[in-house]
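Me: I am new to this structure and would like a close look at one part of it. Please take a single strand, describe its surroundings with care, and then widen the view from there.

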Amino acid sequence: MAGEMMTGNLAAAWGARLSAVDYIPAFPITPQTEIVEALAKWCESGVMAARFVTMDSEHSMMTAAGAAAATGARVFTATSSQGLLYAMEVLYSISGWRAPLVLVNVSRALASPITLEPDHNDVLAARDSGFLQIHAETCQEVLDSILIAYRIAEDERVMLPVIVNLDGFYLSFTREPVILPAPEQVAQFLPPFRPAHLGFKASAPHALGVAVLGGTPYSYFRHQMHLAAMNALDVHSETAAAFERLFGRRYDVVEGYRLDDAEDVLVMTNAFASRGKVAVDAARAEGRRVGLLRLRMIRPWPADAIRGALRSRRAVAVLDQNLAPGQGGILFQEIAACLYHEALRPRALCSFIGGLGGKNLSEGEFRTIFEQTAEAGVREKGIGPVLLYTEAEHREMTQLQMLAAAPGS
Amino acid sequence: MWQRETFKKIKQIPSEEHVFPGTSLCAGCGGLESLRLAAKVLGDDVLYVNAAGCFTMLAAYPFTPFKGSWLYTTMGSAPAGAQGVRDALDVLIAKGRLPKEEDLKVVVLGGDGSTYDMALSSTSGALYRGLDFYYFCYDNEAYGNTGMQLSSSTPYGARTATSPCSLQHPAGTIQEKKDIFEIWRAHTPPYIATVAPRYPLDLEEKFARAAKFTGPKLFLALSACPTGWLYDPGETPEVARLAVETGLWPLKEAINGQVTHTYIPKLKPVEDYLKLQGRFRHLFEPTRQDEAIRHIQERVDAYWKRVSG
C-alpha cells in the first residue's frame, strides 16, 4: 500500500508543515490535540521554521492568528467544537481583515449535553463567518486540502481565510495510508506568501478593521467579501487542476459516487460519506439505482455543481449530521434553495438527521433512507426531517434513563 | 526619592504631534490627552491594537488621527492581537522578509471595560508569555462608549447607568474599584506605571523609562471624562489634578514588581475631587451622605498609610 499510515490529525499537521507556515498560535481541545502536539514538537526540533505559541484561549488564539496573517505571516491553527464557538466573533473579524490563513476544525458535537464525538453543528455555525470551508473525507484529503486551501486563501482574487474540516474520532484518530508530497513539489504548487495588500510596516502605515459610520461603507465591504468568496469557485477549479497535474489526485467542489445512472441520490459530507458509499454499493447489489453526492466545498456554496449533479433525479435525500432545532437539517435547506429554479429538479427532497454526537449510522438506517427516498420519489412528495434512531438505540437509552432515575427516586 | 531623568522641564516635551486633532472623541477627553502625550515618546513607528471602547472611534473610515498603523480586534483580545503582530514581525524580520528598520512598537489601546473585565485573560496570557508590547489603558471608570455603565473599575460611591442610587444603595456603586495595577504586578512584568494627563512630565518620563525594557510595559492612564463624570470639559485638568492631589489616583511605577510612588500628594480632602463631578453629586445633595464620603476618605488614608509605612 502506498503512503504512510497516519491519523487524520497527523495528516493535518503534515499539511501545515508542508505548507511551510510561519506561525502557529495554539490552544488544545479534544479531539484536535494531536495536531498541535505534533506541530509543537516539529517547531521545537527545528524541522519546521515556524513559531509556535500556546495562547490562553481559542478566542486569543484566533485573534493572534488573524493579526499575524494581517502582518504578512503564513499562519496555521486548529480547533474544535466549543473552541470554534469560543472564537466565533474573531472569525468574522479575520475575514473582514481579508487575512488569509488556514484553520483546521476537527468536528465535535456541541454542548449541551457535552460530548466528544463528532457532528457538524460546530463547523456549520461558522458558515456565515466569511471563512471558506472545505470538508474532507479521508486523511489524504485532509493533507491535500490544506495545501489547496492556502493557495485559494492567498489568491489575490480571494484573500479570505479557510476552514478545513475533518470529523473528530472517525477521521482524527483513524489511521489511513497517506502519501506525503515532496516539499519541492509543494513549493512548486504553493508559492511563498507575499501579500500585495497586507502587512504592517513602518514605511507603509495603514489601518485595518476600522469602524465605519452607517450602512453604506459597511455594505460595500461586506459585498466585497461575498464577491471574493464567490471568486473562490473558479480559483478552486484552477487550483485543483494544478494540484492534479503535480500530484495526480483530483478534487472537485463536490464528489459524485456512482451517480451516472442513479435515480435517487444521497447527499452527505465528511468521513461518514465513506459509510454512505458502502451503503450505496450494498443497495446497488440489491438492485437499487442509487448514488451519493459528497459536498466537499461548503463555502462558497457550489450551487452549479450541485444542480448539475442532482438535476433529473427522481429523489434526493440529504443526510445532515447537524440539527437546527425548530428547523431541521442545515444543508437540506441550502440544497433545497439551490434546486428551486432548476427546471429538472428532483421530484422529491427528503431530509434525514443522523450521526449526531458520533451516533452510528447503521446499514439498516441507510436501507431505510434509500427505501423512504424511493417511495417519496414515486409519490413526488418529500419527507422530513426524519430523526434517525434505531430500536436498539432506543432500548439502550431506556436503560440509561432507568439508571438515571435511581432506585428509590 | 524618584527623579525624572529625561523630562525635567516642560520645554523638553517635543512639540511634534503624533495624534492629530479632529477625532470624534468627546471634548475634554482625559484619555486622549494622555495618549497624545504618550505618543510624543512612542513616535510614529507604532501599531495600535485596539479593543472595543471609546478609542475605537479614533479610526473611523476613512480617517485616522495617527501617522502609525491601527488594527481593531475585539473587546476581549487586543493583547492576543498584539501577540500575533509582534510574533509575525519577529518571524518576518528573522527570515529576512522584512527589514529591521520596518519594525513597529506594538501598543494595545483598551478602556477599563476591556482591561479590567473582558480582556483580563488575554492580558494575563500576554504578561505570562513576556510579550514585548505596550498596554495603554484609558481608565474612565465605567463603560463609557455605551453611555456610562458600571465596570469593575467604577469606584465606590459613583453613580452609573447600571449602578443608580436607590433607597437600598444610596451611594450608587457599592463595589470597590478593582486593583488592576496589583493584578498586573502579580505577573512581574518589567514595567508598569499609572499616569495622569495633568502631570505631563511624570507621564513622559515614564514612557521614556519604559522604552528601555523588553517585555510587557503597562500604563494605566487616568481618563477624566467630562461626558461620563458630568463636569464641564474645560475642567478636565482640574479634575485630573485633584484625583492625584487627593491621593485617589496614586502616580507610581513598578519595575520588575518593585513599586515606587513618583509623586507624593499632600492629600487634599477627597470631597474636593468628588464635589466637582455629577457622578458623585448624590453624595452631597439632597442630603449629605457622610458615611459614604468618610468611607472613601478612609480608604485613601489607609492606602497612603500602607505605602508610606
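Reply: This is a predicted model, and the part chosen here is strand β2 of chain B, made up of residues 69-72. It is a suitable place to begin, since strands of chain B and of chain A both pair with it.

Within chain B, the partner is strand β1, residues 46-50, which pairs with β2(B) in the parallel sense over four bridges. One residue of that pairing can be picked out on the model: B:Asn50 has B:Tyr72 of β2(B) as its bridge partner.

From chain A comes strand β9, residues 207-208, which runs parallel to β2(B) and is joined to it by two bridges. Here A:Ala207 stands opposite B:Trp70, while A:Leu208 has B:Leu71 as its bridge partner.

Are the two faces of β2(B) covered or open? Both are covered, for B:Ser69 and B:Leu71 on one side are buried, and B:Trp70 and B:Tyr72 on the other side are buried as well.

The pairing with β9(A) belongs to a wider meeting of the chains, in which 37 residues of chain A are in contact with 38 residues of chain B. On the side of chain A that touches chain B, at least two residues each are supplied by β2 (23-26), β3 (51-54), α3 (58-71), α5 (88-97) and β9 of chain A. Of these elements, α3(A) gives the most, with 10 residues. Sorted by class, this side of chain A has 21 nonpolar, 11 polar and five charged residues.

Beyond the strand and its partners, the largest nonpolar core holds 220 residues, and those that touch the most other members are A:Val102, A:Val267, B:Val85, B:Val107, B:Phe136 and B:Ala243. Helix α7 of chain A, residues 139-153, provides the largest share of this core, 10 residues. Domain 1 (4-247) and domain 2 (254-394) of chain A both give residues to the core, so it lies between them. As for B:Phe136, its contacts, leaving aside neighbours within four places in sequence, are B:Leu35, B:Ala38, B:Val107, B:Val108, B:Leu109, B:Phe219 and B:Ala221.

For a view of pairing elsewhere in chain A, one can turn to an open sheet of five strands with mixed pairing, in the order β4-β5-β7-β6-β13. Its edge strands, β4 (76-79) and β13 (297-299), each pair on one side only, and the twist averages 25° from one strand to the next. Inside that order, β5 (residues 102-107) and β7 (residues 162-167) of chain A pair in the parallel sense over six bridges, with A:Asp167 in β7(A) as the bridge partner of A:Ser107.

Notes
Residues are numbered from 1 along each chain as its sequence is written. Chains are lettered from A and ligands numbered from 1 in the order in which they are written. This is a predicted model: local features need pLDDT of at least 70, side-chain atom pairs count only at pLDDT 80 or more; totals for chains, interfaces and linings use all residues. A residue is buried if 20 or more other C-beta atoms lie within 10 Å of its own, exposed if 12 or fewer, and partly exposed in between; C-beta atoms are placed from the backbone. Two strands pair if DSSP finds at least two bridges between them. Axes are lines fitted to C-alpha atoms, for helices over the stretch in contact, and angles run from 0 to 180 degrees between N-to-C directions. A nonpolar core is a set of buried Ala, Val, Leu, Ile, Met, Phe, Trp, Tyr and Cys residues joined through C-beta atoms within 7 Å. Domain bounds come from an automatic or database domain assignment. Two residues are in contact if their C-beta atoms, placed from the backbone, lie within 7 Å. Ala, Val, Leu, Ile, Met, Phe, Trp, Tyr, Cys and Pro count as nonpolar, Asp, Glu, Lys and Arg as charged, and the others, Gly among them, as polar.
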